[in-house]
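Student: Could we go through this one together, starting with the packing and then moving on to the surface?

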Amino acid sequence: MRFPFLPGAAAIAVRLRHWLLLPALSLLILGMPEAMAHGVAEGDKGFIQESSGVMLLPFIYLGAKHMITGYDHLLFLFGVVFFLYRLKDVGLYVTLFAVGHSVTLLLGVLLEISVNAYLIDAIIGFSVVYKALDNLGAFQRWFGYQPDTRTATLVFGLIHGFGLATKILDYPISADGLIPNLLAFNVGVEIGQLLALSAILIAMGYWRRAAGFWRHAYTANVAMLSAGFLLMGYQLTGLIVSQ
């Protein structure tokens, strides 16, 4: 189910009010420290560079921390489960995202495949924009076509994992214990995803029972759309400046 666009004057009033969220979102995202972005915190970078040998528990912790503090991941997952009411549907979409994320994270590091970090993060921002538009019913309204949301979730999972692989490759990592540590990191990512998703689903369960859910659902997806555009703009600006 997707949120229909509101008709007539009511839509204009609601949209104007909701787009006032943009300045607040700008301050929030631009003020977030690097440790909260789709990357590796400064202290964790040093640990990764200095680590040698099999260190399963520390890497599980790092993976879980990355997911729980990665607001781009959480925004996308929030959008994915927004209109999913059955646990089997939630499980399907989250599994598709997890498989995509795991594949490119592992292969990206092991095969040393890397692209510009700003570019990949801009695409990750676009994934948030895409999901918000999907929830708002924009594609059906504009193009008369509904993209396959399962395929999109898998594809964006691949991109999210590749983004982290690109970040990890920026720092020398010991070949001693590399594969077990990467697998442990990936296990941590999935643990973090389950913890974050559980919190999101609990909150969504209470929210959906509220009388104003459908009115506020539009607000939430417009806010998510704005956040996605801000993430894209921030990363594309960094790409241009770094040239």
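Student: Which residues does Phe 82 touch, not counting residues up to four places away in sequence?

Tutor: Phe 82 touches Asn 135, Met 204, Trp 207, Arg 208, Phe 213, Ala 217, Ala 220 and Asn 221, where contact means heavy atoms within 4.5 Å. Bear in mind that this is a predicted model, in which local features need pLDDT of at least 70, side-chain atom pairs count only at pLDDT 80 or more, and totals for chains, interfaces and linings use all residues. Residues are numbered from 1 along each chain as its sequence is written, and side-chain values use heavy atoms, with hydrogens and water left out.

Student: And which residues touch the most other members of the largest nonpolar core?

Tutor: Phe 82, Leu 105, Val 109 and Phe 185 do, in a core of 48 residues; such a core is a set of buried Ala, Val, Leu, Ile, Met, Phe, Trp, Tyr and Cys residues joined through side-chain atoms within 4.5 Å. Helix α10 gives the most to this core, with 8 residues.

Student: What about α5, is it enclosed or not?

Tutor: It is largely enclosed by the rest of the structure, because 8 of the 11 residues of α5 are buried (under 20% relative accessible area; exposed is over 50%, partly exposed in between, with a 1.4 Å probe and protein chains only). Among the buried ones are Tyr 71, Asp 72 and His 73. Helices here are DSSP runs of H or I with at least four residues, numbered from the N terminus.

Student: Switching topic, where is Leu 183 found?

Tutor: Leu 183 lies in helix α10, and this residue is partly exposed, with a relative accessible area of 43%.

Key. Helix = DSSP H or I, 4+ residues; strand = E, 2+ residues; numbered from the N terminus.
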